[in-house]
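Here is a short report for someone meeting this structure for the first time. Please look over the sequence and the model before reading on.

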Amino acid sequence: MTPIDEDKSPGIERLYLDFDSFFASAEQHFNPSLRGRPVGVVPLDSPHTSCIAVSREAKARGVKSGFSVRAARQVIPDMVFVLARHDVYVRLHKRILAVIDTILPVAQVRSIDEMVCALLPEEARQGEALALRIKAGLAEAFSPGLTCSIGMAPTELLAKIGAEMNKPDGIALIRSAELPERLAGLDLAALPGISKGMQARLAAAGVADFTALWRLAPKQARAIWGSVEGERFWNGLHGHPSERPEAAKSMFGHSRNLPRDWRTPDRVAACARQLALSAARRLRREGLRATRLTLSLRGDGPRDGGGQAWSWEGAFPPARDDRTFLRSLAEGLSAARREARFAPRAVGVVIHGLKAEREITGDLFGGAVGPGGEDDATRAKWERVSELLDGLRRTHGAKALSFGLQEDIPGGYVGAKIAFGRIPEEEDFTETPVADGDTRFLSH
Ligand SMILES: [Mg+2]
């Protein structure tokens, strides 16, 4: 295939991660004695309950998620059953997000064990090597059994299909040019969004296999689905992203709610630094510079009006290096120590006033003096340091260097705005927290 041909088909734009047998793998990760064994995760300590997840070893021997304990024991007499510990899985989920985020920002969390990343062209060009780097980062941070399957494709739908194709621990790259042949053997029931009911409607319309589904016109898909959802599915399948590319970013920022023991000035500062560094990494990934940094603190009371709130904004010449942002933040933090007369319950950092590289002319950049009073050459040096650190993080994983102390901050993962729709926060669990290694076995 020539590069010109390649340009004609939509490129790889999405990377989908789906963790393999997640709850069971989590239990094996936290309890090494379970590794390599057939494990079933059950919701209740009862002999009449059913598995909500089973390990890959159990799957290989014919036991699936949904099997009752009794049915599973008939197939695998020595199967081990453990009680689900959802708070432990949520904590692990957040640590996983933090690790992936050091390699590639997570755009959306789809469930506790599925997430999607949007790829820049140079990331897409890395192909499988990018997926392998994510897997290596996870293997380094966790244990070999906690694997994911990765799909890369022009759309999220195709990437999700790809993630299903080579489970467990698989990688699949799907290009538009390979369709429909590449997926012709797939059972319609295996496609995301095709329920039993939808299968019946497709069958009634004469669509019994993937190729027939592929050949539908968008209008026909809309008619069969009975909504615009059909057209969305058609677009996803044919490699046309239906959502328009994101509007140009106007800011990068994060905020964190602070637990009671995190409301001291030192810990607020540590948290703000991590938020600033994460925003700065995203800024550099998008090839942008920023001219402003806003630090905000929120205390008791309602968010809109009447509550305690304080914010500060710093300005600097167009910058993309951690040192500029951290120096500006340090000014903001000393202002906060002087002025904010309340214990903050939340802290936020936003980097904004963005400029694209091409907007920065010699005039604009030259002669301007940064917060530390240094010149262009000094700033250029610090930019190279920041880029070097980004590169180290990407290749050496989560434990790589960063400016100053790296602390685990409240909420763990510092990422894009995520709708944790189906994922409860740890605070939502009212029972006493369960320790990671405290496996609970079925007693029956
Ligand atoms: Mg999964």
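The text below goes from the whole chain to a sheet, two helix pairs and some notable loop residues.

**The chain overall**

This is a predicted model. The protein chain has 16 helices and 13 strands. It holds 444 residues, and 34% of them count as buried. Take the contacts between residues at least 6 apart in sequence: 68% of these join residues at least 24 apart.

**A five-stranded sheet**

One sheet is open and has five strands, in the order 5-6-1-7-8. Its pairing is mixed. Strand 5 (108-111) and strand 8 (171-173) are the edge strands, and each pairs on one side only. On average, neighbouring strands of this sheet are turned by 15 degrees against each other, direction ignored.

Look next at one pair inside the sheet. Strand 1 (residues 14-19) and strand 6 (residues 114-118) run antiparallel, joined by five bridges. Here Arg14 stands opposite Ala118 in strand 6. Helix 8 (residues 156-165) packs on the sheet. This helix touches strand 1, strand 6, strand 7 (148-153) and strand 8. The direction of helix 8 makes about 140 degrees with that of strand 7.

**Two helix pairs**

Two packed helices are described by the angle between their axes and the distance between the axes. The table gives these values for two pairs.

| Helix pair | Axes come within | Crossing angle |
|---|---|---|
| Helix 11 (residues 218-225) and helix 12 (residues 228-237) | 6 Å | roughly 135 degrees |
| Helix 13 (residues 265-285) and helix 14 (residues 322-339) | 10 Å | roughly 150 degrees |

How do the angles translate into words? Angles over 145 degrees count as roughly antiparallel. Helix 13 and helix 14 cross at roughly 150 degrees, and they are therefore roughly antiparallel to each other. Helix 11 and helix 12 cross at roughly 135 degrees, so this pair is oblique.

The crossing of helix 11 and helix 12 is right-handed. On the helix 11 side, the contact is made by Pro218, Ala221, Arg222, Ile224 and Trp225. They meet Val228, Glu229, Gly230, Glu231, Phe233 and Trp234 in helix 12. By class, the residues of this contact are seven nonpolar, one polar and three charged.

The crossing of helix 13 and helix 14 is right-handed. Residues of helix 13 in this contact include Ala269, Ala272 and Leu277. Among their counterparts in helix 14 are Phe325, Leu329 and Leu333. The contact of helix 13 with helix 14 has ten nonpolar, no polar and three charged residues.

**Loop residues to look at**

Which peptide bond leading into Pro168 is cis? The bond from Lys167 to Pro168 is, with omega near -10 degrees. Pro168 sits in the loop between helix 8 and strand 8. Asp169 is found in the loop between helix 8 and strand 8 too. Phi of Asp169 is near 60 degrees, a positive value in a residue other than glycine. Asp169 has 15 C-beta neighbours inside 10 Å, so it counts as partly exposed.

A cis bond also runs from Leu179 to Pro180, with omega near 5 degrees. Pro180 lies in the loop between strand 8 and helix 9 (196-204).

Ser21 lies in the loop between strand 1 and helix 2 (22-30). Phi of Ser21 is positive, near 45 degrees, and this residue is not glycine. Is Ser21 buried or exposed? A residue is buried if 20 or more other C-beta atoms lie within 10 Å of its own. Ser21 has 25 within that distance, so Ser21 is buried.

Notes:
Residues numbered from 1 in each chain as written. Predicted model: local features only at pLDDT ≥ 70, side-chain atom pairs only at ≥ 80, totals over all residues. Axes fitted to C-alpha atoms, helices over the stretch in contact; angles between N-to-C directions. Helix = DSSP H or I, 4+ residues; strand = E, 2+ residues; numbered from the N terminus. Parallel < 35°, antiparallel > 145°, perpendicular 65-115°, else oblique. Left-handed = near helix turned anticlockwise from the far one by under 90°. Contact = placed C-beta atoms within 7 Å. Nonpolar A, V, L, I, M, F, W, Y, C, P; charged D, E, K, R; others polar. Pairing = 2+ DSSP bridges. Buried ≥ 20, exposed ≤ 12 C-beta atoms within 10 Å, placed from the backbone.
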